[in-house]
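I opened my notebook today to get to know a new structure. Here is what I looked up, step by step, for anyone meeting it for the first time.

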Amino acid sequence: MPLHKTSKAFTLCLLTASILGTSLIPDGKAYASPPDAIQGQVTEVKTARTSDEKIAEWGNWAKDHAYRLDTIQPAGTNNGTTPFKDLAMLKPLLHDKRFVFLGESSHGVAEFNLAKTRLIQFLHQEMGYHVLAFESGLGNTSLAYGKAGQQSAEQTMKDSIFGVWWSKEIMPLFEYIKTSRKSEQPLVLTGFDIQLQNPLFDGAWLKDKVMAGRLAEAEQKLSGYSAGTDLAAYRQEKRQLIQVYKDALKSLKTEANEAHLKLLYPDNPKLSALLERSLNDRIRVAEEYVEISIESTLGMESGDYTPFLKSMEWRDQAMLDNLMWLATEVYPTEKFIVWGHNDHIRKAQTEVMGSPYPVALMGEQLSDEMKKYSYVLGLYPASGQTADNMGNVHDVLPAEPGSMESILSAAGAPYTFIDLRYRNHESGNSWMFEPRFAYSWGMIPESFVPRDQYDGILLIDNVKPPEYIRSSASSKSSAPAED
């Protein structure tokens, strides 16, 4: 199938949004506008010719072997029962897994937020997963979690995660995080991204107010340079900005500041170490990533796609470094739930034909040992509508015959789960061992071997865009989001 014109235009817009920080903001405005002309490199993807008889055999196999979830609605936080009977089939699949990666083919699907929240509740309550790591800023999530028990769930959401997830459908997760603070084993919220994210560091967690002011000013400058194109000006001021972060590190680690942190952020006893890591990340970003981001923006404006791919690889390596640091240094005995886009978590991104990101991202960079103790779940829509990072609504394109979505849709259920990892090759499931067609974002055609990318797939029918929660005068920030 030739690449759909609409999906090609969307792909180019998506790439530009990722570079410029032009992502969904809850009030519907953007921080920057895409250039008028962008030349991306989008590979045409065609479906393999498959007989109608074979497609029918795959569909019949899916009817017999797929699990049909009863619901995707999160359990009530005050419900004394644990209504997760339909998820019991996950227990033998995950019993020896330390990491469960929860993906999504689009950030703009209401049902994905609901389904993942319910899965998180199940994993926390019944399988001992106590850390939730988001594709959002390490510093932002750590600071927000430090006040999770003292402020509203909505404020914790806005302070912690990218704006693409600010929605009515994700609020049960943050209500759950707040309620779990009172339990013997809370669900800990953290993040692993390195991108600058609103709210930028205002230095409130530094007792030295002069230093806090210097840090806030440096954050504004670094954010502006990162989203801009003035490479010469940045290089002139770069060393001064890095010195501010080094000075902030010294201020953070004083005995007086430790007491200050405990007073302001009582719900996160690990906060000092997490902020130290976040400031060191800022130094790395200032030393390397800002220049890469500027070069990416300039490259896209001139039609050169290569710097953008370099920025994606750099970011994902940094995200993986943070995730492994969290798992080995901060929470070395805990099991993790990881929330991110399918592109970031799947196991062999470079083998995906048609992806706008044909580079080794976080999931592919995982060591073989870590992959052994991980389970990667990809979420896809079968029909309906999704929103992109700018909040624009798009129809999910009809599933192609023989595509992954069409095969799983044959199960005839609104919520269909299939395990790929523990299936032996047979005639009826040969589709998962060979290249199959699927849509990213519900409209970007891709081809990949499902079993090489994911351990399981959750297909949800008739999806809709999230009901976004807009900024208000009392909100601390507009929290832009990134893909």
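In which sense do strand 1 (residues 67–68) and strand 9 pair, and over how many bridges? I found that they pair in the antiparallel sense, over two bridges. Before going on, I noted that this is a predicted model.

**Entry: strand 9.** I stayed with this strand, which covers residues 415–419. Within the pairing to strand 1, I saw that Y67 has F417 as its bridge partner. I then looked for another neighbour and found strand 12 (residues 456–460), which pairs with strand 9 over five bridges, again in the antiparallel sense. F417 turned up here too, standing opposite L458 in strand 12. Next I checked how covered strand 9 is, and five of its five residues are buried. I wrote down both faces: Y415, F417 and D419 are buried on one side, and T416 and I418 are buried on the other.

**Entry: the whole chain.** I stepped back to see the setting. The chain has 483 residues, and buried residues make up 60% of them. I listed 17 helices and twelve strands. I also looked at contacts with a separation of 6 or more, and 80% of these are between residues 24 or more positions apart.

**Entry: strand 3.** Is strand 3 enclosed or open? I read off residues 129–137 and found nine of the nine buried, so this strand is largely enclosed by the rest of the structure. I looked up its partners as well. Strand 5 (residues 335–339) runs parallel to strand 3, with five bridges joining them, and V131 stands opposite F336 there. Strand 4 (residues 188–193) is also joined to strand 3 by five bridges, and these two run parallel. In that pairing I marked A133, which stands opposite T190.

**Entry: the cores.** F336 had caught my eye, and I met it again in the largest nonpolar core. That core has 96 residues, and L132, L173, F336 and W431 have the most contacts inside it. Leaving aside neighbours within four places in sequence, I noted the contacts of F336, among them V131, A133, Y129 and L323. I then found a second, separate core of 36 residues, which includes L200, F201, L215 and L222.

**Entry: helix 4.** Does the length of helix 4 (residues 110–127) agree or disagree with what its residue count predicts? At 1.5 Å a residue, its 18 residues should span 26 Å, and I found the end C-alpha atoms 25 Å apart, so the two agree. I also saw that 16 of its 18 residues are buried. Just after this helix, G128 takes a positive phi of about 75°.

**Entry: E104.** I looked in the loop between strand 2 (99–102) and helix 4, and that is where E104 sits. Its relative accessible area is 0%, so I logged E104 as buried. The side chains of E104 and W165 are joined by a polar contact of 3.0 Å. Not counting residues up to four places away in sequence, E104 also touches others, including F112, K116, W339 and H341.

**Entry: helix 9.** I closed with residues 231–252, the 22 residues of helix 9. These should span 32 Å at 1.5 Å a residue, and the end C-alpha atoms are 30 Å apart, which agrees. I also marked a bend of about 45° in helix 9, at E237.

Conventions. Residues are numbered from 1 along each chain as its sequence is written. This is a predicted model: local features need pLDDT of at least 70, side-chain atom pairs count only at pLDDT 80 or more; totals for chains, interfaces and linings use all residues. Side-chain values use heavy atoms; hydrogens and water are left out. Buried means under 20% relative accessible area, exposed over 50%, partly exposed in between (1.4 Å probe, protein chains only). Helices (H or I, at least four residues) and strands (E, at least two) are DSSP runs, numbered from the N terminus. Two strands pair if DSSP finds at least two bridges between them. The expected span of a helix is 1.5 Å times one less than its number of residues. A polar contact is a pair of N or O atoms within 3.5 Å; within protein, one must be able to donate a hydrogen and the other to accept it, and residues adjacent in sequence count only if both atoms are side-chain atoms. Contact means heavy atoms within 4.5 Å. The bend at a residue is the angle between axes fitted to the seven residues ending there and the seven starting there. A nonpolar core is a set of buried Ala, Val, Leu, Ile, Met, Phe, Trp, Tyr and Cys residues joined through side-chain atoms within 4.5 Å.
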